[in-house]
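Let's walk through this model together, beginning with its cavity and working outward from there. Keep the viewer open as you read.

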Amino acid sequence: MQTGQESEDDAGPRIWGGTTLSERREARRAALLEAALDLIGEAGASGVTMRAVCRKANLTDRYFYESFASRDELLDVLYRRIADEFLEPMTVFASTDDPSRDRKLSEILVDKVLADPRKSRLFLVEPYSSTGLGQTTIAVMPVFTRIMQDHLFGHIDDPVKRRLAAVTMASGNAGMFSAWLNGSLRATRDQIVDHCVAMLTAYRSLYRS
């Protein structure tokens, strides 16, 4: 009996329009996430509602709940994906001993911020507003501070000082990028890169052992 719901029977995946059910579900999920990103770029995370996302993606709420239990879950998934995109290049360069590492790492981070304003707004600006991202941010940020702690400030013998340097720089950079993106901090790309390099140098000078 046909119920109107897509399904796959025991015989295997049903092909419709050249795609399987799993492929169509994944395409709808991707469309919802992309729609949410567009809404964030237009009005911030406060503009992300189930109805707005569905309208933007041209899908019904049935398909929204096929992928996400709630608007907060969608934002959580999206935030974690974007965090991984920032984390990957940082991990590669932070663990090297290249003398130019600090500048390369800073350039990669700044260019990543500039690459997609929608993603950067969600990752760096929206956690400061009331968007339901608080717990997600608390869960994700320690991964970034751990990179700084273990690699960028690995020369600091005192574990408390090493942790202080990493946490302070990570939170300071987040605030700086947030201000830069929302326009309250006016600086060029090169000025931001130079500042990041200078801060790394300053912390290393502060805690030499």
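**A walk through the helices**

Helix 5 provides the largest share of the lining of the largest cavity, namely 3 residues. Please keep in mind that this is a predicted model. The structure holds 1 cavity of 30 Å³ or more, and about 100 Å³ of space lies in the largest cavity. Which residues line the largest cavity? They are Met90, Leu105, Ser106, Leu109, Met148, Leu152, Met169, Asn173, Cys196 and Leu200. By type, this lining splits into 8 nonpolar residues, 2 polar ones and no charged ones. At least two lining residues apiece come from helix 5 (101-115), helix 7 (134-152), helix 8 (159-182) and helix 9 (189-206).

Now step back to the whole fold. The protein chain has 9 helices and 0 strands, so you can read its elements from the N terminus on as α-α-α-α-α-α-α-α-α. Of its 209 residues, 40% count as buried. Take the contacts between residues at least 6 apart in sequence: 62% of them join residues at least 24 apart. The accessible surface of the protein chain comes to about 11,500 Å², and carbon and sulfur atoms account for 54% of that area.

Next, the nonpolar interior. The largest nonpolar core has 57 residues, and the members that touch the most others are Val53, Leu74, Phe153 and Phe177. Helix 4 (residues 71-94) gives the most to this core, with 11 residues. Valine 53 is a good place to zoom in. Leaving aside residues up to four places away in sequence, valine 53 touches Leu32, Ala35, Ala36, Leu39, Val48, Phe64 and Leu74. Leu74 thus appears both among the residues touched by valine 53 and among the core members that touch the most others.

From the core, turn to the open space. How much space lies in the largest pocket? The volume there is about 470 Å³. Of the 22 residues that line the largest pocket, Met141, Phe144, Ala170, Ser171 and Ala174 are the closest to its centre. Helix 4, helix 6 (117-125), helix 7 and helix 8 each supply at least two residues of the pocket lining. That lining divides into 17 nonpolar residues, 4 polar and 1 charged. Helix 7 and helix 8 may already look familiar: each supplies at least two lining residues to the largest cavity and at least two to the largest pocket.

Helix 6 deserves a visit of its own. Its buried residues are Arg118, Ser120, Leu122, Phe123, Leu124 and Val125. What covers these buried residues includes helix 1 (21-43), helix 4, helix 5, helix 7 and helix 8.

Let's finish with glutamine 149, whose place is in helix 7. Is glutamine 149 buried or exposed? Glutamine 149 counts as buried because its relative accessibility is 8%, and the cut-off for buried is under 20%. Setting aside residues up to four places away in sequence, glutamine 149 touches Gly154, Arg162, Arg163 and Ala166. Proline 159 makes a handy landmark here: glutamine 149 and proline 159 are 10 residues apart in sequence, with 8.8 Å between them in space, C-alpha to C-alpha.

Methods: Residues are numbered from 1 along each chain as its sequence is written. This is a predicted model: local features need pLDDT of at least 70, side-chain atom pairs count only at pLDDT 80 or more; totals for chains, interfaces and linings use all residues. Side-chain values use heavy atoms; hydrogens and water are left out. Helices (H or I, at least four residues) and strands (E, at least two) are DSSP runs, numbered from the N terminus. Buried means under 20% relative accessible area, exposed over 50%, partly exposed in between (1.4 Å probe, protein chains only). Contact means heavy atoms within 4.5 Å. Accessible areas come from the Shrake-Rupley method with a 1.4 Å probe; for residues, only the protein chains shown count as cover. On a 1 Å grid over the protein atoms alone, a cavity is a set of points where a 1.4 Å probe fits but cannot get out, and a pocket is an open set with protein on both sides within 12 Å along at least five of seven lines; lining residues have an atom within 4 Å of a point. Grid points are joined across faces, edges and corners, and a volume is the space filled by probe spheres set on the points. Ala, Val, Leu, Ile, Met, Phe, Trp, Tyr, Cys and Pro count as nonpolar, Asp, Glu, Lys and Arg as charged, and the others, Gly among them, as polar. A nonpolar core is a set of buried Ala, Val, Leu, Ile, Met, Phe, Trp, Tyr and Cys residues joined through side-chain atoms within 4.5 Å.
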